[in-house]
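This briefing sets out selected features of a single protein chain for readers working at the bench. Please consult the sequence and the model shown below alongside the text.

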Amino acid sequence: MSETGAMADTVSSASVPVMLGAKSYPTALEWIARRAEALVIPLAALIVGMALFSLFIALVGKSPAQLYETMWRGGFGSWFSVQNSLSRAAPLLLAALCVALPARLGLVVIGGEGAIVLGGVAAAAMGVAASGAPAFFVILVMGVAGLAAGGIWIGAVGALRHYRAVNETISSLLMAYIAIALMNHLVEGPLRDPASLNKPSTEPLAEAYRIGNIPGMDVHWGLVVGIIACILSWLLIEKTRWGFAARIAGGNVRAAQVQGLAVGPLIVGFTALAGGFAGLAGMLEVAAVQGSANASLAAGYGYTGILVAFLARHNPLAIIPVAFLLGGMDASGGLIQRRMDLPDATVLVLQGMLFVVILFSETFYGRFKAFNPDLWQRGDLLKRPDLLKGTA
């Protein structure tokens, strides 16, 4: 290696703009470039996934153009469709947080479905038990019950990960199946309403204990709760010392321990909070949609939330528009089935294909010079080795 090449390799990126002088890049352009990667790559993955799905649709003899046009009409083509999509996005916001918060600690938790169903059952049981109390008190108790049930369930996943080194991905998925089985047992056994013959359910909530719609919209207040939860989660991660500590632990657990950070409480705390949000989603499904706990709680929101979180790059604020997009896809399933004679699960196949492509796209982060201003500066430096003269 030449002397100039060796010097180029030892010069710090922080000193490059100073040496380049007039060649230094505008700060605003650097700011945009560093953040564009998190938008461009997921968007490209979304486009590629939909293109691959188009090939699949063409192979079964259907028109991809008609499919996406029908999907648009069913999810976003009218005010009625938009409201339907927003209603479906409400639980997705909270389910995605169940994945996004632990991800900041380097954990992959995919068992939010279990927290949702247990949160719904706990909320329904407490709503029936507190019947006769003021409506505000009953709804509050139901919310706390949902938070607690989901928090304990997913918090246990974090405890197993830290204290017993049990892989959180496997344990959370297995515990989701256990939670669904437990929900079925409770709904069909101890908590079953004798009047629910064809579809076992808990006793229905009184109308006074139901969560109504946002004024002027056919969308329940769970949407507002989910948006607030996303905003508070972003503040927690980006603006508090706990979020800062979680990001350090997620980058390097050993380094965090050397710095004296309590990694164990961080892992258990963040997973418990994540599970609490999923449990709250179950409570909202009971109090705002179903009116009781039954098998419909296992609607797959926990699994769709995984896709939402990964597509949003685990950013709580980005989860909001992504949840609306995926909610619109879910809302269009019925229309696709009726208009194109395709199974209702067509949307699930699309979501699965998108998830695979998004996982593959993770390998492209950090590989493009356009998104890394340090590489711009380094490239200019290597083209003009005269700038290195006299530098140490």
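What share of the contacts in the chain with a separation of 6 or more is accounted for by residues 24 or more positions apart? In this predicted model, such residues account for 78% of those contacts. The chain has 17 helices and zero strands.

**Burial and surface**

- Of the 392 residues in the chain, 47% are buried.
- The chain has an accessible surface of about 18600 Å². Carbon and sulfur atoms contribute 66% of that surface.

**The nonpolar patch**

- Ile-228, Ile-231, Leu-232, Leu-235 and Leu-317 make a nonpolar patch of about 410 Å² on the surface.
- Helix α9, which spans residues 222-239, gives the most to this patch, with four residues.
- Leu-317 is found in helix α14, which covers residues 316-331.
- Leu-317 counts as partly exposed because its relative accessibility is 36%, a value that lies between the 20% limit for buried residues and the 50% limit for exposed ones.

**A salt bridge inside helix α4**

- Five salt bridges are present in the structure. Side chains of opposite charge can pair when their charged atoms come close.
- One of the five joins the side chains of Glu-69 and Arg-73, with an N to O distance of 3.6 Å.
- Both Glu-69 and Arg-73 lie in helix α4 (residues 64-75). They are four residues apart, which is about one turn of the helix.
- Glu-69 is partly exposed, with a relative accessible area of 39%, and Arg-73 is likewise partly exposed, at 36%.

**The network around Glu-238**

- The side chain of Glu-238 meets that of Arg-104 in a salt bridge, at 3.4 Å from N to O.
- Glu-238 lies in helix α9, whereas Arg-104 lies in the loop between α5 (79-103) and α6 (112-129), so this pair ties together parts that are 134 residues apart in sequence.
- Glu-238 also forms a salt bridge with Arg-247, in which the closest N and O atoms are 4.0 Å apart.
- Arg-104, Glu-238 and Arg-247 are thus linked in a network of salt bridges.
- Within this network, Arg-104 counts as buried because its relative accessibility is 17%, which falls under the 20% limit.
- Glu-238 is partly exposed, with a relative accessible area of 32%, and Arg-247 also counts as partly exposed, at 31% relative accessibility.

Methods:
Residues are numbered from 1 along each chain as its sequence is written. This is a predicted model: local features need pLDDT of at least 70, side-chain atom pairs count only at pLDDT 80 or more; totals for chains, interfaces and linings use all residues. Side-chain values use heavy atoms; hydrogens and water are left out. Helices (H or I, at least four residues) and strands (E, at least two) are DSSP runs, numbered from the N terminus. Buried means under 20% relative accessible area, exposed over 50%, partly exposed in between (1.4 Å probe, protein chains only). Contact means heavy atoms within 4.5 Å. Accessible areas come from the Shrake-Rupley method with a 1.4 Å probe; for residues, only the protein chains shown count as cover. Patches are made of residues with over 30% relative accessible area and no salt bridge: like charges are joined within 9 Å, nonpolar side chains (Val, Leu, Ile, Met, Phe, Trp, Tyr) within 5 Å.
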